[in-house]
Amino acid sequence: MQQEIRFATFNVLNLALPGLRFYDNLEPYTPAEYEAKVEWIARQIDRLDADVLGLQEVFSQAAVKDVLARTKKYRDAQHLGFDPDPSGRFTPSVALVSRLPLAAAPAVYTELPRRLAIPLPEVDEAMTRFTRPVLHVPVTAPGGTAIHVFVVHLKSKRPDFRNGKSEESQYGVAQLRSLIRRSGEALGLRYLLTDFAAGKRVPLVVMGDFNDVAGAMATQLVLGTGRPVAAGFDDRMFDSQGIQAASCAVRAPAFTHLRDGVGEVIDHILVSEDFHPASSQAIGEVVEVSYMNDHLELGETAGSDHGAVLARIRLFGCAEPGGQLPAAARE
């Protein structure tokens with residue numbers, strides 16, 4: 001029986017069908033450009049060879065299907081996702097591809113939980129929705145354990161200009177709006193995870209483009225760092241890179257994006273206590289986290305301006321369907 005599960009996340013940079021105008025300032029892909037892009041992405045995800053793959057910046061789920069049809073390892077995989085809402089701002093969505101069977105129906109979270117309404121500077125209406133809805137897909141690990149995977153894409157650092165105003169005098173407040181939106185989405189995601197896991201043991205994996213480094217406040221909000229632990233189960237998340245087995249060396253330099261020539265990790269795979277080696281409740285551990293970013297070092301960013309992250313998780317044994325390992329296996 002397979003004892004290792006591979007999770008990966010990859011921002012595929014404006015994956016859209018040819019002829020679809022996804023941004024006003026960018027020309028749609030020609031058929032030739034589209035073919036080159038989907039072929040390149042297909043080769044990259046075959047290299048990743050992940051069992052569960054999260055994708056961001058998807059403007060068309062049909063384009064994801066085209067990518068999968070060109071792969072060698074994902075033609076029979078399950079593909080979950082939703083197309084962007086064409087009304088209002090046309091923003092990309094996320095997708096999940098799984099070679100593992102589903103444990104339950106997927107869910108999409110569009111509204112911020114707990115009726116969050118976050119004021120934005122110089123904007124009449126409060127923020128009440130995720131910029132890009134969160135996709136939640138439960139998958140079945142070998143042995144029957146349900147692992148709940150959340151694919152996310154938090155607001156970028158690109159200034160949030162309003163009413164067509166992009167002049168320099170508006171730059172500061174537009175930056176502040178982006179920061180508030182990203183932090184608000186991070187808080188909303190934290191509430192989703194806390195509420196979902198309340199009172200029960202639930203193995204969780206959260207992966208995607210956080211548009212910020214692990215130490216940033218927004219990422220720390222999702223991790224649940226620095227707050228009291230609730231009674232019962234600890235619902236904090238952990239950066240897989242930080243808890244990977246100490247004997248493993250990073251194969252490639254640890255960065256997923258270049259900003260002004262400086263590499264930084266803004267795409268993350270977070271895991272619950274269930275995969276922390278120091279936890280008595282662990283059903284597995286993060287063996288290694290690696291990065292596929294050679295195209296960034298070569299300046300070849302037409303396919304994607306992000307590197308991919310791959311986390312290998314070793315299961316300790318055959319887990320019971322409820323998510324717990326037999327007691328003997330945990331000792």
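This report walks through the sheet, a helix packed on it, and a handful of individual residues in the structure above.

The model is predicted, so a little bookkeeping comes before the details: local features need pLDDT of at least 70, side-chain atom pairs count only at pLDDT 80 or more, and totals for chains, interfaces and linings use all residues. Residues are numbered from 1 along each chain as its sequence is written, and side-chain values use heavy atoms, with hydrogens and water left out.

## The chain as a whole

The chain has seven helices and 14 strands. Helices (H or I, at least four residues) and strands (E, at least two) are DSSP runs, numbered from the N terminus. Of the 331 residues, 54% are buried; buried means under 20% relative accessible area, exposed over 50%, and partly exposed in between, with a 1.4 Å probe and protein chains only. Contacts (heavy atoms within 4.5 Å) often span long stretches of sequence: among those between residues at least 6 apart, 72% join residues at least 24 apart.

## The six-stranded sheet

Six strands form an open sheet in the order β5-β6-β7-β8-β12-β9, and their pairing is mixed. Two strands count as paired if DSSP finds at least two bridges between them. At the edges are β5 (107-111) and β9 (237-239), each pairing on one side only. On average, neighbouring strands of this sheet are turned by 25 degrees against each other, direction ignored. Axes here are lines fitted to C-alpha atoms, for helices over the stretch in contact, and angles run from 0 to 180 degrees between N-to-C directions.

As general background, strands of a sheet pair through backbone hydrogen bonds, either parallel or antiparallel. Three of the pairings are set out below.

| Strands | Sense | Bridges |
|---|---|---|
| β6 and β7 | antiparallel | six |
| β7 and β8 | parallel | six |
| β9 and β12 | antiparallel | three |

Individual residues let you find these pairings on screen. Leucine 135 stands opposite valine 151 in β7, and phenylalanine 150 stands opposite valine 206 in β8. Aspartate 239 has leucine 270 of β12 as its bridge partner. Strand β7 is mostly covered, with seven of its eight residues buried. The hairpin of β6 and β7 has five residues between the strands, and glycine 143 there takes a positive phi near 100 degrees.

## Helix α3 and glutamate 185

Helix α3 (residues 171-197) packs on the sheet and touches β5, β6 (129-140), β7 (146-153), β8 (204-209) and β9. The direction of α3 makes about 30 degrees with that of β6.

Glutamate 185 belongs to this helix. What is the nearest side chain of opposite charge to this buried residue? That side chain is arginine 181, 5.2 Å away, and glutamate 185 has no salt bridge. For charge, Lys and Arg count as positive and Asp and Glu as negative, while His and the chain ends are not counted; a salt bridge is a side-chain nitrogen of Lys or Arg within 4 Å of a carboxyl oxygen of Asp or Glu.

The side chain of glutamate 185 does make a polar contact, at 2.4 Å, with the side chain of threonine 131. A polar contact is a pair of N or O atoms within 3.5 Å; within protein, one must be able to donate a hydrogen and the other to accept it, and residues adjacent in sequence count only if both atoms are side-chain atoms. Not counting residues up to four places away in sequence, glutamate 185 touches several residues, including Leu112, Phe130 and His153.

## Two more buried side chains

Histidine 268 is found in strand β12 and is buried, with a relative accessible area of 3%. The side chain of histidine 268 reaches the backbone oxygen of aspartate 212 at 2.8 Å, and a polar atom of that side chain lies 3.5 Å from the backbone oxygen of valine 265.

Tyrosine 34 sits in helix α1 (residues 31-48) and counts as buried at 3% relative accessibility. A polar contact of 2.5 Å joins the side chains of tyrosine 34 and aspartate 66.

## Two positive phi angles

Two residues that are not glycine are worth a look in a backbone plot. Glutamate 57 has a positive phi of about 60 degrees; this residue is found in strand β2 (residues 52-58) and is buried, with a relative accessible area of 12%. Arginine 115 has a positive phi of about 55 degrees, lies in the loop between β5 and β6, and counts as exposed at 82% relative accessibility.
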